[in-house]
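Visitor: I should like to learn how to read salt bridges in a protein model. May we work through a case together?

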Amino acid sequence: MAFSTRLAWPLRPALAALRQAAPRQCRGLSIPVGPGQTLDLRGIFPPLATPFSPTQEVDYAQLEGNLRRYANIPFRGLVVLGSNGEYPYLAPRERLEVVSCVHQALPRDRLLLAGSGCESTQATIELTVSMAEAGADVALVVTPCYYRGAMTNAALVQHYTEVADASPIPVVLYSVPANTGLDLPLEAVLTLAQHPNIVGIKDSGGDITRMGLMVHKTRQEDFQVLAGSAGFLMASYALGRCWLGIACASGGLDRLCREGNWQEARDLQHRLIEPNTAVTRRFGIPGLKKAMEWFGYYGGPCRAPLAPLSPPQVEELRGAFSANGWL
């Protein structure tokens with residue numbers, strides 16, 4: 001397709017400005033990927049919240065401050081502009097600037113996964129190419145969902161195939177039905193797993209049976225099935241894969257599982273379930289940002305129309321953390 005090999009023209013000025021303001025050499029993938037090789041995504045990838053100022057502008061100073069705090073965590077990489085990053089509320093220029101900022105701050109041995117999914121295939125390709133130029137190592141591509149009734153297996157396979165064909169960086173599928181109302185069908189996942197530039201799926205649906213079937217059915221492919229929430233992180237280890245969640249605690253769970261300390265890991269997993277639910281399904285991003293402040297990170301306001309928590313909601317959120325020994 002003609003548009004697959006060029007940047008979207010409206011984004012060119014933003015990228016040019018980023019290069020002029022902060023010239024740098026491309027960091028590149030922390031693990032070179034060549035023929036017959038697959039990018040190893042095992043480990044914890046904290047999902048970054050996008051910090052906003054009181055006037056709801058992206059606060060890059062606070063973003064850099066949070067990144068310095070994350071440096072103390074032995075994570076594999078960071079997820080930028082996922083659902084926790086208020087991705088739909090950022091303008092294309094802001095998305096590129098956030099990725100560029102994180103790219104400059106991230107150590108060379110850490111991966112940068114950036115959300116680039118849009119509603120149309122053309123827009124997704126153009127933004128994915130732009131994200132790669134801004135410094136992303138991997139594109140995290142959420143399912144298009146506005147016309148979800150038309151998102152058949154065939155439509156989704158064609159969409160992701162064209163994106164992966166055009167992308168200069170590896171692609172991870174992203175299924176987050178709580179936000180999109182659309183679960184990426186298993187049949188489509190199994191077909192797309194055969195694409196050489198699609199290296200995995202982040203599945204945030206929480207259906208362990210479905211995830212186990214993906215692992216089983218793709219065992220002959222270079223394809224990784226990744227759990228998208230701390231609420232079922234330990235269960236995902238039984239399937240041979242893991243992902244992210246509440247960053248600090250998930251890192252501890254990752255270590256315990258790798259060391260085979262299953263009793264301690266189970267106890268920690270039990271303590272994670274209630275607070276994880278509170279900052280996802282119960283209170284969402286406003287709850288996540290409030291909890292970040294309790295642990296020394298900048299949370300700050302959300303961008304409208306997301307509203308801050310009420311005082312009773314804050315106390316309920318605090319109770320979910322306190323009852324499980326986090327506060």
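Guide: Let us begin with the setting. This is a predicted model, and of the 327 residues of the protein, 55% count as buried. The protein has 13 helices and six strands.

Visitor: What general idea underlies a salt bridge?

Guide: Side chains of opposite charge can pair when their charged atoms come close. In this protein, the count of salt bridges comes to 10.

Visitor: Which residue forms a salt bridge with Lys 289?

Guide: The partner of Lys 289 is Glu 86, with the closest N and O atoms 2.7 Å apart. This pair links distant parts of the chain, 203 residues apart: Lys 289 belongs to helix H12, whereas Glu 86 sits in the loop between strand E1 and helix H3.

Visitor: Why does Lys 289 count as buried?

Guide: Buried means under 20% relative accessible area. Lys 289 has a relative accessible area of 1%, so Lys 289 is buried. Glu 86, at 2%, is buried as well.

Visitor: Which residues are joined into one network by salt bridges that share partners?

Guide: Consider the two bridges in turn. Arg 210 and Asp 203 meet in a salt bridge at 2.8 Å, N to O, and both residues are buried. Asp 183 and Arg 210 also meet in a salt bridge, at 3.4 Å. Asp 183 lies in the loop between helices H6 and H7 and Arg 210 in helix H8, so this pair ties together parts 27 residues apart in sequence. Asp 183 counts as partly exposed, at 34% relative accessibility, whereas Arg 210 is buried at 11%. Through shared partners, Asp 183, Asp 203 and Arg 210 form one network.

Key
Residues are numbered from 1 along each chain as its sequence is written. This is a predicted model: local features need pLDDT of at least 70, side-chain atom pairs count only at pLDDT 80 or more; totals for chains, interfaces and linings use all residues. Side-chain values use heavy atoms; hydrogens and water are left out. Helices (H or I, at least four residues) and strands (E, at least two) are DSSP runs, numbered from the N terminus. Buried means under 20% relative accessible area, exposed over 50%, partly exposed in between (1.4 Å probe, protein chains only). A salt bridge is a side-chain nitrogen of Lys or Arg within 4 Å of a carboxyl oxygen of Asp or Glu.
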